[in-house]
Amino acid sequence: MTARPRTFLADLRRARVLLTNDDGYDAAGLACLRTIVAGLCDDVWVVAPETNQSGAGHSLTLRRPLRITERGEKRYSVDGTPTDCVLLAINRIMADHRPDFVFSGVNHGTNLGDDVTYSGTVSAALEAEVLGVPSIAFSQELDEAGATDWACARDGLAGLVRTLVARGWPSDTLINVNFPREASGVAVTRLARHKVGDQTVPESDASGETRFWIGDMHTTEPGDGTDVAAVAAGLVSITPLMLDITDYRTLADLAAALG
C-alpha cells in the first residue's frame with residue numbers, strides 16, 4: 001500500500017498547534033510541552049483532561065455530556081478522556097481554524113510496545129490523525145524511584161519537532177516518541193512486545209472484600225530495533241504508527257481460502 005502524502009506548513013512559527021495529554025491539565029509534562037512549543041510556534045492552544053486519564057486508551061465518553069472549562073486564553077480543560085479533548089478541540093473549540101499539528105504529552109512514563117494501545121497520550125495523537133491533523137505523542141522515561149526528570153525532553157523535543165515537521169510523514173500515520181532518562185542519540189524503531197498489567201495484586205478493603213490492583217509491565221520480546229531496546233540503550237525512540245491495523249497477509253490468505 002502507498003501512504004497518502006500531505007503538505008505541512010513550511011513556517012513552523014506560523015503553525016496553529018493543539019496540545020493535550022492524558023495525565024491531566026495540571027500535569028508537569030504538559031507544562032513542559034507548552035513551554036517548549038511556545039518557543040517554536042506563536043499560536044499554541046491547550047485542551048486537556050481535567051483529571052488524570054492514564055490508561056484511558058482511545059475511549060470516548062458516550063453516556064453523559066461533557067463540560068468544557070476555560071482556564072485562560074487558548075487554554076481549556078474537559079471532564080473527559082484525551083480522545084474527547086481532541087475531538088472537542090478540533091470540532092468545536094478550534095472549529096473556525098483547525099490546528100496544523102497536535103502534540104500530546106509529555107507523558108509521565110514511557111509508552112512502549114503494546115502499551116500504546118492502552119495509552120491516552122498515544123490515543124490523543126491517534127484521534128488527531130483520524131481527524132486528519134498530523135500528530136506526535138511524547139513520553140518521558142521515569143527514574144528508578146518512579147519520579148520524572150524532564151531534562152531529556154526539554155533538551156531534545158524542540159529540535160526533534162523541527163526535524164520531524166521538516167521531513168514530514170504520511171497521512172494516517174502518527175509519530176510516537178519516547179525519551180530515555182539521558183539521551184545519547186536517536187533511533188527509529190518498531191514496537192516491542194511490552195505489556196502493562198500482567199500482575200493482578202489483591203488487597204482487602206475496609207469491609208473485608210477483595211479488590212485488585214493491575215500491576216507491573218512485562219516485556220516478552222524487546223528485540224533489536226524496538227522502542228524498548230532503544231530507550232534501554234539511552235536512545236530517543238521514534239516509532240511511526242499506522243491507523244490501519246489490518247493484517248494484509250492474513251487478509252490475502254483468508255480471501256483465498258474463503259473467497
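Which side chain does that of Asn107 join in a polar contact of 3.0 Å? The partner is the side chain of Thr121, as View 3 sets out. The model is predicted, so that local features need pLDDT of at least 70 and side-chain atom pairs count only at pLDDT 80 or more, while totals for chains, interfaces and linings use all residues. Residues are numbered from 1 along each chain as its sequence is written, and side-chain values use heavy atoms, leaving out hydrogens and water.

**View 1. The open sheet and its parallel pair S1 and S2.** Nine strands (DSSP runs of E, at least two residues, numbered from the N terminus) form an open sheet in the order S3-S4-S2-S1-S5-S6-S7-S13-S8, with mixed pairing (at least two DSSP bridges between two strands). Strand S3 (68-72) and strand S8 (185-188) are the edge strands, each pairing on one side only. Strands S1 (residues 16-20) and S2 (residues 43-49) run parallel and are joined by four bridges. Trp45 in S2 is the bridge partner of Leu18.

**View 2. Helix H3 on the sheet.** Helix H3 (residues 120-130; helices are DSSP runs of H or I, at least four residues) packs on the sheet. Among the strands that H3 touches (contact: heavy atoms within 4.5 Å) are S1 and strand S5 (101-108).

**View 3. Surroundings of Asn107.** Asn107 is found in strand S5 and counts as buried (under 20% relative accessible area, 1.4 Å probe, protein chains only) because its relative accessibility is 5%. Its side chain makes a polar contact (N or O atoms within 3.5 Å, one able to donate a hydrogen and the other to accept it; residues adjacent in sequence count only if both atoms are side-chain atoms) of 3.0 Å with that of Thr121. Leaving aside neighbours within four places in sequence, the residues in contact with Asn107 include Asp22, Asp23, Phe138 and Trp150.

Methods: Axes fitted to C-alpha atoms, helices over the stretch in contact; angles between N-to-C directions. Buried < 20%, exposed > 50% of the residue type's maximum accessible area, 1.4 Å probe, protein only.
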